[in-house]
Amino acid sequence: MSGLILAGVDIFQPLDFTAIFGRRAAVHIDIGSGAGSFIVEQARRHAEADYLAIERLLGRVRSTENKAKRLALNNLRILRLDGSWVVRHMLSEESVTCFYLSFPDPWPKRRHHNHRIVNAEFAGAIRRALVTGGEWRIATDHEEYFRVMTSEASRVLIPAGWPEEESPPTDFEKQFLAKEHPIHRARFVKL
């Protein structure tokens, strides 16, 4: 497969990362990658790993593509699909080293909570796809949703401290920090 944006992917088959990237390497997935600032910078910093940005909005996909092209990144691909579908149906068991879920839509109204991406099924699918020792990093400015996400994650994975290295900020993180919103972060590991 060539090109940054994955096209013609069978949504009912597991992704073949060796074919997608042309090598075997640790795979990191950003679920709902937005305009791509975070995942592009991660891919730039860590050429030894492969990165998959999952985003369903075309404008954001194009933004990520443009940023990656300017840097001539060979270790980044973009998939324009719903992140929940990809995690639940398109990832082989123990195929992913790290998942990033940053600032997912909190659907704050109680009657809309069923639209939230993180639930028991999603957390179980994350666990299944993670390699042993793999991790799931979560960040949000929404305290109540943070409690829900960490509760679901801690049912299937082990809570771990936030890593020491400095992560690049996401576009949403920059916006929330500018408004002085507190950012809640958690990291979970599969042992």
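A pocket is an open set of grid points with protein on both sides within 12 Å along at least five of seven lines. The views below show a predicted model.

**Figure 1. The largest pocket of the predicted model and its lining**. The largest pocket holds about 680 Å³ of space. Its lining comprises 28 residues, of which G32, R56, F103, P104 and D105 are the closest to the pocket centre. Helix α4 (83-89), strand β4 and helix α7 (171-178) each contribute at least two residues to this lining.

**Figure 2. The open sheet of seven strands**. The strands follow the order β3-β2-β1-β4-β5-β7-β6, and their pairing is mixed. Strands β3 (76-79) and β6 (158-160) occupy the edges; each has a single partner strand, so one side of each lacks a neighbour in the sheet. On average, and with direction ignored, neighbouring strands are turned by 20° against each other.

**Figure 3. Strand β1 and its partners β2 and β4**. In strand β1 (residues 27-31), five of the five residues are buried, and the strand is thus mostly covered. In a regular strand, side chains alternate between the two faces of the sheet. In β1, V27, I29 and I31 point one way, while H28 and D30 point the other way; all are buried. Five bridges pair β1 with strand β2 (residues 50-54) in the parallel sense, and the bridge partner of D30 in β2 is A53. Between these two strands the chain passes through helix α2 (residues 37-45), giving a β-α-β crossover that is right-handed. Strand β4 (residues 96-102) also runs parallel to β1, to which it is joined by four bridges; here I31 stands opposite L101.

**Figure 4. Helix α2 on the sheet**. Helix α2 lies across β1, β2, β3 and β4, and runs at about 170° to β2. Because seven of its nine residues are buried, α2 is largely enclosed by the rest of the structure. The buried residues are S37, F38, I39, V40, E41, Q42 and A43.

**Figure 5. The pairing of β4 with β5, and helix α5**. Strands β4 and β5 (residues 130-140) pair in the parallel sense over six bridges. S102 stands opposite A139 in β5. Helix α5 (residues 120-129) packs on the sheet and touches β1, β4 and β5, its direction making about 140° with that of β5.

**Figure 6. The surroundings of N75**. N75 is located in the loop between helix α3 (58-71) and strand β3. With a relative accessibility of 4%, N75 counts as buried, because the cut-off for this class is under 20%. Apart from neighbours within four places in sequence, N75 contacts F21, R23, A43, H46, A47, A49, D50 and Y51. Among these contacts, A43 is one of the buried residues of α2, and D50 belongs to the residue range of β2. N75 and Q13 are 62 residues apart in sequence, and their C-alpha atoms are 22 Å apart in space.

**Figure 7. The surroundings of I11**. I11 is found in the segment that precedes helix α1 (17-21). Its relative accessible area is 30%, so I11 is partly exposed. Neighbours within four places in sequence being left aside, I11 contacts L81, W85 and M90. I11 and W85 are separated by 74 residues in sequence, whereas the distance between their C-alpha atoms is 8.5 Å.

Technical notes
Residues numbered from 1 in each chain as written. Predicted model: local features only at pLDDT ≥ 70, side-chain atom pairs only at ≥ 80, totals over all residues. Heavy atoms only, no water. Buried < 20%, exposed > 50% of the residue type's maximum accessible area, 1.4 Å probe, protein only. Contact = heavy atoms within 4.5 Å. Pairing = 2+ DSSP bridges. Right-handed = clockwise from strand over helix to strand, strands pointing away. Axes fitted to C-alpha atoms, helices over the stretch in contact; angles between N-to-C directions. 1 Å grid on protein atoms, 1.4 Å probe; cavity = no way out; pocket = protein on both sides within 12 Å on 5 of 7 lines; lining within 4 Å. Points joined across faces, edges and corners; volume = space filled by probe spheres on them.
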